[in-house]
Amino acid sequence: MTGKILRFLLVGLVNTLIGLGVTLLLYHGFRTGYWFATALGNGCGIVVSYLLNRRFTFSAKTSLKNDWLRFLMVVLLSYLIAYRLSLYVIDFFLPSFGGTGAILVGMILYTVLNFIGQNYWVFKKPS
């Protein structure tokens, strides 16, 4: 399990660098608008994450179509739950940390929830 978690974190680093690279290239290199650059950059990061996690992290052999839809659902739900919950956690326990604290807590919660969802639902090995 430790190896799988490390591979998952490595994939997260790679997809973040690719997504950020595409965003910055579009925004600064091609002078596109902010929304276009961030949407395309994040979209690229999500696709890279799916492909690498499917093959490298979880060695999935299941349906691409079903996995893709489940993957998108897990990413979206993890994001919504993690970043909403992190606001409550920071407001209740560490209000002086404000939005920056909530972002950092949200990143950790998002990563944990995303791993759990992908490991136990999206790329779950058949019994």
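Let us begin with V74 and its contacts. Leaving aside neighbours within four places in sequence, V74 is in contact with L113, N114, G117, Q118, W121 and V122. I should say at once that this is a predicted model. V74 itself is found in helix α3. Is V74 buried or exposed? Its relative accessible area is 8%, under the 20% cut-off, and V74 therefore counts as buried. One of its contacts, N114, shows how the chain returns to this place: V74 and N114 are 40 residues apart in sequence, yet their C-alpha atoms are 6.2 Å apart in space.

From that residue, allow me to step back to the whole protein. The secondary structure comes to 4 helices and 0 strands, and read along the sequence the pattern is α-α-α-α. Along the principal axes, the C-alpha trace spans about 45 × 45 × 25 Å. There are 127 residues in the protein, and buried residues make up 29% of them. The accessible surface comes to about 8,400 Å², and carbon and sulfur atoms account for 74% of that surface. As for contacts between residues at least 6 apart in sequence, 62% of them join residues at least 24 apart. The pair of V74 and N114, with their positions 40 residues apart in sequence, illustrates such a separation.

I turn next to helix α2, which covers residues 34-57. Which residues of this helix are buried? They are A37, T38, G41, G45, V48, S49, Y50, N53, R54 and T57. An α-helix has 3.6 residues a turn, so residues three or four places apart point the same way. With that in mind, the reader may wish to follow A37, G41, G45, S49, N53 and T57 along the helix, which are among the buried residues. What covers these buried residues includes α1 (2-29), α3 (64-93) and α4 (98-122).

Let us look at the end of α2, at T57. This residue is found in helix α2, and its relative accessible area is 2%, so T57 is buried. Which residues does T57 touch, not counting those up to four places away in sequence? They are K4, R7, F8, V11 and L52. Within α2, the side chains of T57 and N53 are joined by a polar contact of 2.8 Å.

A second polar contact involves helix α1, where N15 lies. N15 has a relative accessibility of 14% and therefore counts as buried. Its side chain makes a polar contact with the side chain of S49, at 3.4 Å. Beyond residues up to four places away in sequence, N15 touches G45, V48 and S49. G45, V48 and S49 also appear among the buried residues of α2.

L17, also found in helix α1, offers another view. With a relative accessible area of 52%, over the 50% cut-off, L17 is therefore exposed. L17 and G41 are 24 residues apart in sequence, and from C-alpha to C-alpha they are 9.7 Å apart in space.

We come now to the packing of α1 with α4. Two packed helices are described by the angle between their axes and the distance between the axes. For α1 and α4, the angle is about 120° and the axes are 11 Å apart. The crossing of α1 past α4 is right-handed. Which residues meet here? From α1 there are K4, I5, F8 and L9, and from α4 there are T111, N114, F115, Q118 and N119. By class, this contact has 4 nonpolar, 4 polar and 1 charged residues. Some names recur: K4 and F8 are also among the residues that T57 touches, while N114 and Q118 are also in contact with V74.

Finally, I would draw attention to two loop residues. R31 is found in the loop between α1 and α2. R31 has a positive phi of about 55°, although it is not a glycine. Its relative accessible area is 67%, so R31 is exposed. S59 lies in the loop between α2 and α3, and follows α2. The phi of S59 is near 45°, likewise a positive value in a residue other than glycine. Buried, exposed or partly exposed: which term applies to S59? At 38% relative accessibility, S59 counts as partly exposed.

Note on methods: Residues numbered from 1 in each chain as written. Predicted model: local features only at pLDDT ≥ 70, side-chain atom pairs only at ≥ 80, totals over all residues. Heavy atoms only, no water. Buried < 20%, exposed > 50% of the residue type's maximum accessible area, 1.4 Å probe, protein only. Contact = heavy atoms within 4.5 Å. Polar contact = N/O pair within 3.5 Å; in protein donor to acceptor, adjacent residues only side chain to side chain. Axes fitted to C-alpha atoms, helices over the stretch in contact; angles between N-to-C directions. Left-handed = near helix turned anticlockwise from the far one by under 90°. Nonpolar A, V, L, I, M, F, W, Y, C, P; charged D, E, K, R; others polar. Areas by Shrake-Rupley, 256 points an atom, 1.4 Å probe, with all protein chains shown as cover.
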